[in-house]
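Notebook open, structure loaded. I'm jotting down what I looked up, spot by spot.

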Amino acid sequence: MSSTHRRQVGKSSALALYASMLFVALTLLAMWAYPGGAVFDLASDHYLFFGNFFSDLGATHTPSGRGNFLSMGLFVVATVALGLAMINFSAAWRAIHARRRKARLAGLCSQLSLVLSGLCFIGIAATPWDHLLAAHNLFVKAAFALLLAYVL
């Protein structure tokens, strides 16, 4: 691998790491900003780690009917940033495998699954479950199935 490719891989890896840390920080902040309300506890006044669904952070309204725009905004930024970083990293990941002839197909398959998973994470952010439940669930299942394919 040339020094230019190594630098690109390093930059893409750093971006993926920073996006992952941003995802954790922003979703924790979204949990803090969540106004409350869970399917099984409508009267709660905060995010219940074991009572709310993670996707509740990206909903426009809580199950109790409260507006959820601050939490939703943080969740959307976090999820889109992660999806974009995954897409960016996929090209670097393929470049790592491009030198080995037998690994080219594996590199291509892993790149494709990571790009599609990243797009699905962006789809999760774009489809709040309280308005587009079927599409949201499809994106969630596909994002994690494709991420598993990438890992394998």
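I started with S71 and asked whether it is buried or exposed. S71 comes out at 1% relative accessibility, and the cut-off for buried is under 20%, so I put S71 down as buried. Worth noting for everything here: this is a predicted model.

Next I looked up where S71 sits. It is part of helix α2, which covers residues 69-97. Then I checked what the S71 side chain reaches: the backbone oxygen of L57, at 3.4 Å. L57 also turns up among the residues that S71 touches, along with A30, A33 and Y34; I skipped residues up to four places away in sequence.

I moved on to G67. This glycine lies in the loop between α1 (3-33) and α2. Buried, exposed or in between? G67 has a relative accessible area of 41%, and partly exposed runs between 20% and 50%, so G67 goes down as partly exposed. Its contacts are P35, T60 and H61, again leaving out residues up to four places away in sequence. I also checked G67 against G36: they are 31 residues apart along the chain, and their C-alpha atoms are 9.7 Å apart.

Last stop was helix α3, residues 104-126. I got 23 residues and 33 Å from the first C-alpha to the last, close to the 33 Å expected at 1.5 Å a residue. Which residues of α3 are buried? My list reads G107, S110, Q111, S113, L114, S117, G118, C120, F121, G123, I124 and A125.

Key: Residues numbered from 1 in each chain as written. Predicted model: local features only at pLDDT ≥ 70, side-chain atom pairs only at ≥ 80, totals over all residues. Heavy atoms only, no water. Helix = DSSP H or I, 4+ residues; strand = E, 2+ residues; numbered from the N terminus. Buried < 20%, exposed > 50% of the residue type's maximum accessible area, 1.4 Å probe, protein only. Polar contact = N/O pair within 3.5 Å; in protein donor to acceptor, adjacent residues only side chain to side chain. Contact = heavy atoms within 4.5 Å. Expected span 1.5 Å × (residues − 1).
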